[in-house]
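Here are some notes for a colleague who is opening this structure for the first time. They follow the helices, then single residues, then the pocket.

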Amino acid sequence: DTLVSVAPLYEALLNNPDVPYRVLVYSGDVDGVVPTLASKRWVEGVGHKTIIAPWQAWADARGQTGGYRKAWAVGPRGNQLVFATVRGAGHQVPTFQPQRAHDLFAWFLGGGG
């Protein structure tokens, strides 16, 4: 393994004026491998974006706080970037919190953001 940032790839995809993209970046809030704050820092470093949904709690299917999320429009096309945390999840979010992971994915794939 080498430490190579994928941030430039995400930025290039989101700034592509020819193809609409929606990107979800998520992090378990107790991830000891890639800390949430590190993920949040690089997502916030993506340039040319406008907040479309502020940092706010999201609810899981049981009505409990599933984590937090924020969304931006990026680039000339307004492609969407969403950063979300999943409460109580470690590095492999669906393994640690399968229902919350499902709820987050279903919300995003259903057009949430």
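**Notes on the predicted model**

1. The buried residues of helix 4 are R100, A101, D103, L104 and F108. Viewed down the axis of helix 4, these buried residues stay within an arc of 160°, so they line one face of the helix. P98 and L109, on the other side of helix 4, are exposed. The model is predicted, which applies to every point below as well.

2. Helix 4 covers residues 98-109, twelve residues in total. From its first C-alpha to its last, helix 4 reaches 16 Å, close to the 16 Å expected at 1.5 Å a residue. Just after helix 4 comes G111, with a positive phi of about 105°.

3. What covers the buried residues of helix 4? The cover includes strand 1, strand 2 (49-59), strand 3 (65-74), strand 4 (79-86) and helix 3. One contact can be named from the strand 4 side: A84, which is found in strand 4, is in contact with L104.

4. Helix 2 can be read in the same manner. Its buried residues are T36, S39 and V43. Down the axis of helix 2 they fall within an arc of 65°, so they line one face of the helix. L37 and R41 are exposed on the other side of helix 2. Strand 1, strand 2, strand 3 and strand 4 are included in what covers the buried residues of helix 2.

5. Is A84 buried or exposed? At 0% relative accessibility, A84 counts as buried, because the cut-off for buried is under 20%. Leaving aside neighbours within four places in sequence, A84 is in contact with L24, V25, Y26, S27, W58, Y68, R69 and L104. One of these, S27, is 57 residues away along the chain, yet the C-alpha atoms of A84 and S27 are separated by 6.4 Å.

6. G28 has its place in strand 1. It is buried, with a relative accessible area of 1%. Beyond its neighbours within four places in sequence, G28 is in contact with T36, V86, A89, G90 and V93. T36 is one of the buried residues of helix 2. G28 and A84 lie 56 residues apart along the chain, and their C-alpha atoms are separated by 8.6 Å.

7. P35 sits in the loop between strand 1 and helix 2. With a relative accessible area of 43%, P35 is partly exposed. From P35 to A71 there are 36 residues in sequence and 19 Å in space, C-alpha to C-alpha.

8. The largest pocket has a volume of about 230 Å³. It is lined by 14 residues, and Y26, D31, V34, S39 and H91 lie nearest its centre. Two of these names have already come up: Y26 is in contact with A84, and S39 is one of the buried residues of helix 2.

9. Which elements each supply at least two residues of the lining of the largest pocket? They are strand 1 (22-28), helix 2 (36-44) and helix 3 (93-96). Strand 1 gives the most, with four residues. By type, the lining of the largest pocket divides into seven nonpolar residues, six polar and one charged.

Definitions and conventions. Residues numbered from 1 in each chain as written. Predicted model: local features only at pLDDT ≥ 70, side-chain atom pairs only at ≥ 80, totals over all residues. Heavy atoms only, no water. 1 Å grid on protein atoms, 1.4 Å probe; cavity = no way out; pocket = protein on both sides within 12 Å on 5 of 7 lines; lining within 4 Å. Points joined across faces, edges and corners; volume = space filled by probe spheres on them. Nonpolar A, V, L, I, M, F, W, Y, C, P; charged D, E, K, R; others polar. Expected span 1.5 Å × (residues − 1). Buried < 20%, exposed > 50% of the residue type's maximum accessible area, 1.4 Å probe, protein only. Arc of directions from axis to C-beta. Contact = heavy atoms within 4.5 Å.
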